[in-house]
Structure formats: C-alpha cells, structure tokens
Amino acid sequence: MPVTRVVIVPAAPLLVPEASAAQPDQLRDAVGELRRTVTTALASLPEQGTALLLDSGAESLVHDAAMASLAGYGLRQVTASISIDPHLITAVSARGQAPRVRSDRLDGDPAVLALLLAQSRPGLQLAPITIPTGASAAGLHDIAVGLTAAADSLPGPVYVIATGDLAATLDTTSPGYEIAGARDWDAGVVEAVRQHDPVALGEFGPAAAVRFQARGWAPITVALLLAEAHRCALSQITYLAPRGVGQLIAH
C-alpha cells in the first residue's frame, strides 16, 4: 500500500518528559511549545499501521530491535518496548536499500522517535531506517524510490516519520557554537519544505548540512520526496529553535 502520511519531527531527547522533566526558567516556555507542536504532529497519524522512521547516520541501515532506550544518553531508565514490522524491514533490505542490523535496542534518534510514538501511537509497528548523511540529492532520490517500492509491497498503510533536526550552530548557545550562515540555511530548508520542492531542498546539502550539523537534512529530503510521490500534503509547518538548535515540525 502506498505511503499515506508524512510527518517531520525533531528527535531531541528533551522531547521525552522522562528524559528532561524540568527545564530552566528561560527555556520552559520554548521547550513546552516544542513538545506541544510535536505532540500535535504525531497525533495526526492513524493509530494502526506501520511507521517508517527515517534518521541519519554514517551508512544506510535497517534496524531490528525489541526496545528503544536512551541509555546512550546516560538515561538507562528511559525505555519502551516496540514492535518492529518484519515485512517492511525485510522489503527494504531485499531491495538493496540497507543491511538489516539486529540489536538489543534502538539508540539515538530512532530511539527518541520510537519513545515518542510509544506515548502517542503505541499501536503502530515500526520500521527504523538510517539514511546516509553524506548522500547526494541524487542518491537520496534513489533511496526514496526504493522505499516507495518497499512500502507498495505491503498490504497495510505506511506512514513516514523523519527527523527534523536542523542547524545546531545557530548561536553561541548552540551545541556546535555559532557558524555564520546557519540561520539563512535553516530558513532556506524550511522554505523548500513549505513549497513542497524536493529539488530545491536537495541543493542545501550534503556538505552544508554537515557543516551546520543539521542531521535532519537527509531524512527530511527523503521524506519530502516520498510526500511528493504519494501526494501527501504537508500543510502545517513550524520552525522553532530552543537551545540554539533549529527544529522543523511538519505534517
């Protein structure tokens, strides 16, 4: 069945209340707004089906695990059981998109997305896929074509959820400190998504995305390609930047 929904949300651990229960006074309102916006985006998804989770990393991978954990952030107590869709991850691997990796748990960005879904949409099965950070726009197009073929082979609905973390170099409070041009880069990425223009979005990476430490560029590009291919409108688009990191939320 074709992809029927596309959602973009950041994968910041602070979105998980158990991971960041209290915020400094100067950040409380901004973090609260980010959490509410992400919750609304995920609530737009149906309660049954398969969520194709897209994050970025050094290489393409298909993840198979029974739980999600923030142990990699030093938060071993923040965990959730998850249900992997074996049919979709097998279909993705079979089409040469990425090798399948079995592990005890999901870590990092896929774990954050899985934990958020465990709270808001626990009935969804998951298919976590890592998109290579250094892939070109043409390479990301090929990945999107393969993911479309894999989704089309399933009898049930598939929803795409991509990490929307943009520049971590916006100002001196950012994790990557301040790099000139980061704000304009974020604005250009958001406008390309707003215009539903994956070609324009592809021109913002991969080198600049690495420079500005924007780990969401590759997943967002694939998500927008899938949205265009399946006519999934992204009508609600929000950009926030708490803690000096650009965050894109779209659904």
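**Warm-up: the whole chain**

The accessible surface of the chain comes to about 10,400 Å², and 53% of that belongs to carbon and sulfur atoms. Keep in mind throughout that this is a predicted model.

**Exercise 1.** Work out how the chain's radius of gyration compares with the globule rule for 251 residues.

*Solution.*
- Step 1: start with the inventory, which is eight helices and 10 strands.
- Step 2: the radius of gyration is 17 Å, close to the 18 Å from the globule rule, so the chain is as compact as a globular protein of that length.
- Step 3: for the extents, the C-alpha trace spans about 45 × 40 × 30 Å along its principal axes.
- Step 4: turn to burial, where 55% of the 251 residues count as buried.
- Step 5: finish with contact range. Take the contacts between residues at least 6 apart in sequence; 79% of them join residues at least 24 apart.

**Exercise 2.** Find which residues touch the most other members of the largest nonpolar core, and which element gives the most to this core.

*Solution.*
- Step 1: the largest nonpolar core has 91 residues, and the ones touching the most other members are Val9, Leu42, Leu52, Leu54, Leu117, Ile161 and Val222.
- Step 2: α8 gives the most to this core, with nine residues.
- Step 3: zoom in on valine 222. Skip its neighbours within four places in sequence, and its contacts are Leu54, Ile131, Leu140, Ile143, Ala144 and Leu147.

**Exercise 3.** Go through the salt bridges: how many does the structure hold, and where do the partners of the arginine 215 pair sit?

*Solution.*
- Step 1: the count is seven salt bridges. As background, side chains of opposite charge can pair when their charged atoms come close.
- Step 2: take arginine 105 and aspartate 107, whose side chains meet at 2.5 Å, N to O. Arginine 105 is partly exposed at 31% relative accessible area, and aspartate 107 is partly exposed too, at 34%.
- Step 3: next come arginine 215 and aspartate 165, which form a salt bridge at 3.4 Å, N to O. This pair links distant parts of the chain, 50 residues apart: arginine 215 is in the loop between α7 (207–211) and α8 (217–229), while aspartate 165 is in the loop between β8 (158–163) and α5 (182–194).
- Step 4: check the burial of that pair. Arginine 215 is partly exposed at 33%, whereas aspartate 165 is buried at 1%.
- Step 5: aspartate 171 and arginine 183 also meet in a salt bridge, 3.4 Å from N to O. Aspartate 171 lies in the loop between β8 and α5 and arginine 183 in helix α5, so the pair ties together parts 12 residues apart in sequence. Arginine 183 counts as partly exposed, with 47% relative accessibility.
- Step 6: don't miss the network of salt bridges that links Asp64, Arg100 and Arg102.

**Exercise 4.** Describe how β9 and β10 pair, and decide whether the faces of β10 are covered or open.

*Solution.*
- Step 1: strand β9 (residues 237–240) pairs with β10 in the antiparallel sense, over four bridges.
- Step 2: for the register, leucine 240 stands opposite glutamine 247 in β10.
- Step 3: the two strands form a hairpin with six residues between them, and arginine 243 in the turn has a positive phi of about 60°.
- Step 4: recall that in a regular strand the side chains alternate between the two faces of the sheet.
- Step 5: apply that to β10 (residues 247–250). Gln247 and Ile249 on one side and Leu248 and Ala250 on the other are all buried, and both faces are covered.

**Exercise 5.** Place valine 78 and threonine 40 in their elements, then say for each one: buried or partly exposed?

*Solution.*
- Step 1: valine 78 is in strand β5 (residues 75–81), and threonine 40 is in helix α1 (residues 25–43).
- Step 2: the cut-off for buried is under 20% relative accessible area. Valine 78, at 4%, is therefore buried. Threonine 40 has 48% and counts as partly exposed.
- Step 3: list the contacts of valine 78, leaving aside neighbours within four places in sequence: Val16, Glu18, Ala19, Ala68, Ser69, Leu70 and Leu115.
- Step 4: add some C-alpha separations. Valine 78 and glycine 202, 124 residues apart along the chain, are separated by 35 Å. Threonine 40 and glutamate 18, 22 residues apart along the chain, are separated by 19 Å.

Methods
Residues are numbered from 1 along each chain as its sequence is written. This is a predicted model: local features need pLDDT of at least 70, side-chain atom pairs count only at pLDDT 80 or more; totals for chains, interfaces and linings use all residues. Side-chain values use heavy atoms; hydrogens and water are left out. A salt bridge is a side-chain nitrogen of Lys or Arg within 4 Å of a carboxyl oxygen of Asp or Glu. Buried means under 20% relative accessible area, exposed over 50%, partly exposed in between (1.4 Å probe, protein chains only). A nonpolar core is a set of buried Ala, Val, Leu, Ile, Met, Phe, Trp, Tyr and Cys residues joined through side-chain atoms within 4.5 Å. Contact means heavy atoms within 4.5 Å. The radius of gyration is taken over C-alpha atoms; the globule rule is 2.2 Å times the number of residues to the power 0.38. Accessible areas come from the Shrake-Rupley method with a 1.4 Å probe; for residues, only the protein chains shown count as cover. Two strands pair if DSSP finds at least two bridges between them.
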